[in-house]
Amino acid sequence: MLACRKLLAAFAAVLVLLNAASGALAQDAAPQAKPPQYRVRVTSELVLVNVVVRDKKGNLVRGLKKEDFTVTEDGKRQEISTFDFENVDELATAGPAESTVTGAAATKGLLHSSNAPLDARDRRLILLFFDFSGMDPEQIERGVDSAKKFVSEKMMPADLIALVSLATNMRVDLDFTGDKSKVLSILSAYTSTQGQGFDAGAEGSAEGAPETGGSFTPDDTDYNTFTADRKLLALQAIMQSLGKINQKKSIIYFSNGITQSGVDNQSALRATTASAVRANVSIYPLDVRGLQAFPPGGEAQNASLHGQSAYNGNAVFNDLNGNAASQETLSTLADDTGGKAFFDSNDFSGVFSQVQKDTSAYYVLGFTSSNPLKDGHFRHLKVQLNRQDVKLEYRSGYYAGRDFQHLNNADREQQLTDELEAPLSQTDVAVYAGANYFRQDDSHYYLDVSLVIPGSQIPFVQAKDKDNATIDIIGEVLANGKLPVGHQRDTVKLAVDSAQQVRRKNVQYNTGFLLAPGSYHLKFVVRENRTGRMGSFETDVQIPDLRKAPLRMSSVVLASQRVPATAKPKGPHPLIQNQTELVPNITHVFTQDQHLYLQYEVYDAAHAKKGAPAATADAIGSTNPAPQKAPRDAVRVLTSIEFLQGNAKVYESKQVIASEVTAPDRKAVIFQIDLPLQSLKPGFYTCQVNVVDDNAGNFAFPRWPILVKEPAPPAAPAAASAAPTGD
């Protein structure tokens, strides 16, 4: 892929007129796009709080009403809008088993993907999540054996169990079901070889590290950051799927710890806990390492330690610190989601009993926060009852959602990436796009991509006597709709003297990719960085293999502007000729006071036969005074432009004849045509390009619809212009 270019330096040069009423869009190199799909976004601000009420003897208290509860957020009372009581103990039988779902899954849409809704009323939903990445074989065996023992001896009729595992990828091994035999069958399929070696790496210091015989100790800090994020993002993906189920869900997380690398993993941790709160999920981490001893010289399976750590106590001290750090993240996940962490015990049965105890009977209180700010801050919750002889169990708070202004750089970047991968695109910002291909050699083509954003879509702010705005652009090219073969990421800074001018015109952005012939899917996402509104454009693009075409010809680029090429391109760029760049007009909307510039290329033109006359004009229209004998390698390619309305020809340009190859390295004859439009009346036309390879007898007649409009009225004097509002 070629390095993608910045927005044209002279901003005024990339403002092209837009016919907003017609909305015409011509895609030169692509077939007609599929009918657009639209995303309907419904934002729910309902906060759910699960409350377990027990008396002094620890028995569950039932029969309470909404009026008995008081909920406060950061000390301010909230109005309870929804109230429900889930009583799992009333269920006598678990009913028929749910269907089993197995196989590899992506990070989204993990659980209960069937169309039939899951009937979870008065059911206990328990998901067993085995994080095999980095586990030792004995840790895997202990965790799996404890789960099998629970299912065999303690699983109740109301329990619905789901199994998810994480190794090299995340797998949904079993959807929610009450069938013990199915659960035991999947658990028995887990082996001690499931661990995939995602162990924590060294931090660059040999002191206290086992002797491996290596010449140096690598610094794996970045790797550790990645593995921690991987675990947290896997949990977050599960939350997003479980959010489709209204009832309380419990995740028993079998893990050997998560170690954060400073503040680098904080964003993923907060996103995970926030997702769990929104999905009404409680996490119960179980440290499968159990009760550990830390011998001064290291464990028996490791080599001797470097340095003096084994003799001065630092080895044990470091092991204790590392163990506590890895458990701290698990404890945070439990505390912030209303669960409980289980550490330093070889008896794993307690976590299962705790989950059953916490979800036997509970009240679900829902409210809409009186705090409208979406600042991402932690909000403390307090639930009170109008009686004093009871004990309440509930989570201590939740993280508020964050709007665009409160997102940090990492979250903003993730937002773009998520939108690029989304199956349904956002349409808050209108985006138009066109693509044109030019051959570089027999197996490589340059695909020029142009994006147009109406200026009215971009809010400007006043700064230093100029109106400023920034837009983020991200895009990718997929071969056959699956394999990524090109990627683009750019931030464009705009600064003009008056935003009023921009709102009546367009901002155009050009980039390019070097691709082989084939079918591609192109998608670009644009975000303006004041309000965070985004828009997307995607289409299928076909790059033909011109070796099979009678007349080998590139796309025809229609443009209304030529601008100075301010920077030398880093790679091949056919639209830059003689230090001048052609700016494609992808809407194909022109005015009478403009020129229509056309550029296209013909490849592998046939050479003249011996003794044939020379051409009388070249590709840019200059004439020769008298016919001469054609050189041995001369070509003869003829072209002209026609404008049609219906079946009537209303205009035809003079014929242009090319007698030589313009770009020998690409075997290309380049045509650049300049047609003034003042003689055409306003209206719709069909523009036909006639191309004939006279020596070979091959021809092509591509066509495009264009719209010619009356010239725009002159702009009002600057003193009478309204000040930019930035809306």
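Me: Contact means heavy atoms within 4.5 Å. By that rule, which residues does Phe83 touch, not counting residues up to four places away in sequence?
Reply: This is a predicted model. Phe83 lies in strand E4, residues 80-87. Leaving out residues up to four places away in sequence, Phe83 touches Leu64, Lys65, Lys66, Phe69, Tyr363, Val364 and Leu365.

Me: How far apart in space are Phe83 and Phe69, C-alpha to C-alpha?
Reply: Phe69 is among the residues that Phe83 touches. In sequence the two are 14 residues apart. From C-alpha to C-alpha, the distance between Phe83 and Phe69 is 10.0 Å.

Me: Is Phe83 buried, partly exposed or exposed?
Reply: Buried means under 20% relative accessible area, and exposed means over 50%. Phe83 has 28% relative accessibility, so it counts as partly exposed.

Me: Now the whole chain. How many helices and strands does the protein chain have?
Reply: The protein chain runs to 727 residues, and 48% of them count as buried. Among contacts with a separation of 6 or more, 75% join residues 24 or more positions apart. As for its elements, the protein chain has nine helices and 34 strands.

Me: Let us look at helix H1. What span should its 17 residues have at 1.5 Å a residue?
Reply: H1 covers residues 137-153. The expected span is 1.5 Å times one less than the number of residues. The end C-alpha atoms of H1 agree with the expected span, because both values are 24 Å.

Me: Over what arc around the axis do the buried residues of H1 lie?
Reply: The buried residues of H1 are Gln139, Ile140, Gly143, Val144, Ser146, Ala147, Phe150 and Val151. They sit on the same side of H1, because around the axis they cover an arc of only 155°.

Me: Why can residues three or four places apart in an α-helix point the same way?
Reply: What counts is the number of residues in each turn of an α-helix. Residues three or four places apart point the same way because the number of residues a turn is 3.6.

Me: Which exposed residues sit on the face of H1 turned away from its buried side?
Reply: Phe150 and Val151 are among the buried residues of H1. The face turned away from that buried side carries exposed residues: Lys149 and Glu153.

Me: Is Glu138 buried, partly exposed or exposed?
Reply: Glu138 also lies in H1. Arg289 is 151 residues from Glu138 in sequence, yet their C-alpha atoms are 8.9 Å apart. Relative accessibility is 38% for Glu138, so this residue counts as partly exposed.

Me: Which strands and helices do the buried residues of H1 pack against?
Reply: Ile140 and Val144 are among these buried residues. Their partners include both strands and helices. The list is strand E5 (124-131), strand E6 (159-166), helix H2 (180-189), strand E8 (249-255) and helix H7 (349-358).

Me: How many of the residues of E6 are buried?
Reply: Asp159, Ile161, Leu163 and Ser165 point one way from E6, and all are buried. Leu160, Ala162, Val164 and Leu166 point the other way, and they too are buried. In a regular strand the side chains alternate between the two faces of the sheet. The buried count for E6 is eight of eight.

Me: What is the handedness of the β-α-β crossover from E5 through H1 to E6?
Reply: E5 and E6 pair in the parallel sense over eight bridges. The chain passes from E5 through H1 to E6, and the crossover is right-handed.

Me: In E7, which residue is the bridge partner of Ser165?
Reply: E6 and strand E7 (residues 170-177) pair in the antiparallel sense over five bridges. They form a hairpin, with three residues between them. On the E5 side, Ser165 is the bridge partner of Phe130. In E7, the partner of Ser165 is Arg171.

Me: To which residue is the side chain of Gln488 joined by a polar contact?
Reply: Gln488 is found in strand E18, residues 483-496. With a relative accessible area of 5%, Gln488 is buried. A 2.2 Å polar contact links its side chain to that of Tyr509.

Me: How far is the backbone nitrogen of Tyr437 from a polar atom of the side chain of Ser555?
Reply: Ser555 is in the loop between strand E22 (552-553) and strand E23 (557-564). At 5% relative accessibility, Ser555 counts as buried. From the backbone nitrogen of Tyr437 to a polar atom of the Ser555 side chain, the distance is 3.0 Å.

Terms used:
Residues numbered from 1 in each chain as written. Predicted model: local features only at pLDDT ≥ 70, side-chain atom pairs only at ≥ 80, totals over all residues. Heavy atoms only, no water. Helix = DSSP H or I, 4+ residues; strand = E, 2+ residues; numbered from the N terminus. Buried < 20%, exposed > 50% of the residue type's maximum accessible area, 1.4 Å probe, protein only. Polar contact = N/O pair within 3.5 Å; in protein donor to acceptor, adjacent residues only side chain to side chain. Arc of directions from axis to C-beta. Pairing = 2+ DSSP bridges. Right-handed = clockwise from strand over helix to strand, strands pointing away.
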